[in-house]
Amino acid sequence: MVYGSLHFITFDGLRYSFRALGVFVLLRLSSALGSNRFTLQGEMGRLQQSGGRPAEAPVLVRMAAYHQGIGKVEWKCANQGDGLELLVGGVSVPVTIGVVHRSAWGFIVRCVSLSRCAAVYAGGLHARAWRVGGDGGGGGGCQLGAMVEVPQAFYNRTVGLLGLWSSTRADDLLMSNGRVLPQASPDPRPEGGLHTFGMSWEVPIPETLLSSALPPLVPLHAPSPQELLAAVSPGDLAQLQRACHGSPECVHDTLATGSPALGLQSLEAQARYRYLTALFGNMPPIVAEPMVIRGKVDSRMGVQLLAIDANRDPITFSLLSPRPRMPSINSSGYLTWLPLGIEPVELSVKVSDPLISSLFTPVLQVCNCLNGGTCQYDAIIHNYLQGKFQVVGCLCPEGFSGEFCRVVWDPCLGDPCFPGVDCLPGAEPESFTCGECPSPNVYQGKQGYKCFQKDFCLPPSPFPCHEMADCDNKGYSYSCKCKPGYTGDGLNCTDIDECQDPSACPNAKFECVNRPGSVHCSCRYQKSMVADGCGESANPPGFNVFNVSMDWMAKDPAQDALTQLEEILSVGFQNKFYNASIKGLQQGSGPGAGEYRINVSSDTPAWYIQEYLGRVGRFYGIGLSEVGDLDECAAKEAACAWPALCANTYGGYRCVCNGTTEVDESQACVLGKDVLQAGNQSSVVEPLEGDNTALILGLVLGIGIPFLLLLLALLCFCCCCPRKKTAPREPSHLLPGYLQYIPPPFNYSDPSLQYISHSCPRSLDTPPPRSNHHTNHIYSSAS
């Protein structure tokens, strides 16, 4: 509010005084995006006293408001009398009591007297102005007071002399440059300290909303409040304070203008502000229930309205006009109503406390069921007055139909029989009979009510079986059978996972991919330049020998473990598997545990066999399996004859002799005659007693030569370990299982060595290390 000799009360209740001449922004409202929505400007001029003498007291003399999209309103004192003059859109509007202007955009100008008018905008924004003084205002000149009501939507979006609305007074003095004038205490600052804040909101002449606004010609020389108080005797000051009820604004305005009437006008403005504050602080009563009132045509009903008042004020009820003919309500809220028809009516209830009231418009639901029909208040068939008046449906008794059960029901009206079949009403209500089903249709149960084709497996009958089943019609019945590749009773069919059976694909060279109703075997070899089918090239020379540790959970009782293992490897690897032998049971394992030696083609690595046994293990009853390289040297299964040394290779071993000596067919070193004679002599000649030469020679021949041979064997093994070595002989499937030899080096570009693994790929030159037989691993095709 702004009143008197430029006294202000901000939205957060801060009271201060600012005295200057010119046009200032009283209030500016912005949208959520920061654009200007509403601006209120006021012109501050000198108060004209009786006789036309100007006083050094600034007052609000004119005010203009502009709302985006609506237009401008201007208030100023009338030239004659003590009323107001209004301009809407630059056009003068006659001032009368009531609404003096109405706009199609939710805006009106309303006057409660000739000297009090307000611009009322949709949404709750009000700008009120009233005239103080004038010919009928105590002898003073033109002076305006103003009050603004702002809706909650503009919280934290108000600026100007009326302050920032933020529920705290600390930032009320927000200047136009965005800076806040700090306050040391909640008390108003002295006027001198507020001059910077007030002048920041001065409006340049080109931006003024007021018509013919001119800058002041003579600056203002208003005495300070301290100077005014110093010029009054203590007795007169005490008497003036009693007349002003302690209001410093009333005292100041009386001393500044010399008119006690104008001072009392400021006191009256403060009293009005306190009244409106109390009014707006009072919460109106609100109806809690019922939200919906139900009635029946030609039947009187009664309902008690319950209201809640947050301030616990006494509540009264009344009906607003215009109202229906028959309802009534007492002051305690008991409503009676006799609906006379289903014509739309609206009922508005006013709920009031001593200060404020609220309106309540309940939803009226009217039932008009006839002939014993039951009202269905949950079924709305007609909706009027934006949902405030509703006509409900009816549940009709036998023999009646229609919206309100007034029509005698025809059971054949809805064509209950099969399309094309005649319907004949029966003697009893809701009874009917149907004619014959058209050929070649048949019926079940009631004649002609539902007709079916003789083939229940064809439309229009719904398919009775599962989508992956075949339907076999049998007259009035049918049977279902799942299609190949699926299992079930025909009503529910599930896909068979053929990959659970290792025989679904020929051997380990193929990857088994289950598909709905079928299986697909894809080659597990990588693509290569050699188009030999799926690894169908001839086996390379030589073979590998691997150690296999297995634990049989279940096996064919008609077969021994070795025979069953040979059959498994023959199916999985076909011509890649040569033979197998058993070496005995594992220590600490069950009766089904055993250790085997297998001979396979030299292009078949150990991890490939391990992976296959893991995939088919569940089908064949294999619990644990481990395949690794056999160290023939450590197992003492090598056939090297002394002094040849055994060197293990991946899949085999080799006999190594000292120097460039070779081995013969019995895997023994080929030595020169001198060496043999020396060896024979040294083996039979005993050293003479005390002859150290013979002892030293024996030590050299017995210890040094074997040590040198062992060193040469290790060097030869290091040179040959990246390449597989077995003795060149006949294919292993033609030789005994204990006889081993070294194949030629691997051709690593051979596509048969390039596998697509189920798990991590491994290379043949770095085979996985063998672990203890007690630490077995389980591999499966899902790993």
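Colleague: Is helix H4 (residues 248-257) mostly covered or mostly exposed, and how many of its residues are buried?

Modeller: Helix H4 is mostly covered, since 8 of its 10 residues are buried by the cut-off for that term (buried is under 20% relative accessible area, exposed is over 50%, and partly exposed lies in between, with a 1.4 Å probe and protein chains only). Please note that this is a predicted model, in which local features need pLDDT of at least 70 and side-chain atom pairs count only at pLDDT 80 or more, while totals for chains, interfaces and linings use all residues. Residues are numbered from 1 along each chain as its sequence is written, and side-chain values use heavy atoms, with hydrogens and water left out.

Colleague: Which are the buried residues of H4?

Modeller: They are Glu249, Cys250, Val251, His252, Asp253, Thr254, Ala256 and Thr257. The label H4 comes from DSSP runs numbered from the N terminus: helices are H or I with at least four residues, and strands are E with at least two.

Colleague: What follows H4?

Modeller: Gly258 follows H4, and its phi is positive, near 70°.

Colleague: Which phi value does His245 have, and where is that residue found?

Modeller: Phi of His245 is near 55°, which is positive although the residue is not glycine. His245 belongs to the loop between helix H3 (234-243) and H4. This residue is exposed, with a relative accessible area of 67%.

Colleague: And Cys405: what is its phi, and is it buried or exposed?

Modeller: Cys405 also departs from glycine in its residue type and has a positive phi, near 60°. Its place is the loop between strand S28 (400-401) and strand S29 (407-408). Cys405 is buried, at 0% relative accessibility.

Colleague: Changing topic, what kind of peptide bond joins Glu289 and Pro290?

Modeller: That bond is cis, with omega about -5°. Pro290 lies in the loop between strand S16 (286-289) and strand S17 (292-296).

Colleague: Let us turn to cysteines. How many disulfides does the structure hold?

Modeller: The structure holds 15 disulfides, a disulfide being a pair of cysteine sulfur atoms within 2.5 Å. In chemical terms, a disulfide is a covalent bond between the sulfur atoms of two cysteines. One of the 15 joins Cys457 to Cys471, with 1.8 Å from S to S.

Colleague: Why is the disulfide of Cys457 and Cys471 called left-handed?

Modeller: The torsion about its S-S bond is about -60°, so the disulfide is left-handed. Cys457 lies in the loop between strand S33 (451-452) and strand S34 (469-474), whereas Cys471 is in strand S34 itself, so the pair ties together parts that are 14 residues apart in sequence. Cys457 is buried at 11% relative accessibility, and Cys471 is partly exposed at 22%.

Colleague: Which residue does Cys465 pair with?

Modeller: Cys465 is joined to Cys480, again by a disulfide with an S to S distance of 1.8 Å. This link is left-handed, with -75° about the S-S bond. The pair connects distant parts of the chain, 15 residues apart: Cys465 is in the loop between S33 and S34, and Cys480 is in strand S35 (residues 477-482). Cys465 is buried at 9% relative accessible area, and Cys480 is buried at 18%.

Colleague: How many aromatic pairs are there?

Modeller: The count comes to 13 aromatic pairs. One of them, Tyr155 with Trp165, is edge-to-face, at 5.3 Å centre to centre and 80° between the planes. Rings of Phe, Tyr and Trp (its six-membered ring) pair if their centres lie within 6.5 Å; planes under 30 degrees apart count as stacked, over 60 as edge-to-face and the rest as tilted.

Colleague: Are Tyr155 and Trp165 buried or exposed?

Modeller: Tyr155 is partly exposed at 28% relative accessible area, whereas Trp165 is buried at 16%.

Colleague: Which residues form one aromatic cluster?

Modeller: Phe573, Trp607, Tyr608 and Tyr612 form one.

Colleague: Finally, over which rings does Lys446 lie?

Modeller: Lys446 lies over the face of Phe432, at 3.7 Å from the ring centre. Its charged end also sits over the ring of Tyr449, 5.7 Å from the centre. A charge sits over a ring if NZ of Lys or CZ of Arg is within 6 Å of the ring centre and within 35 degrees of the ring normal.
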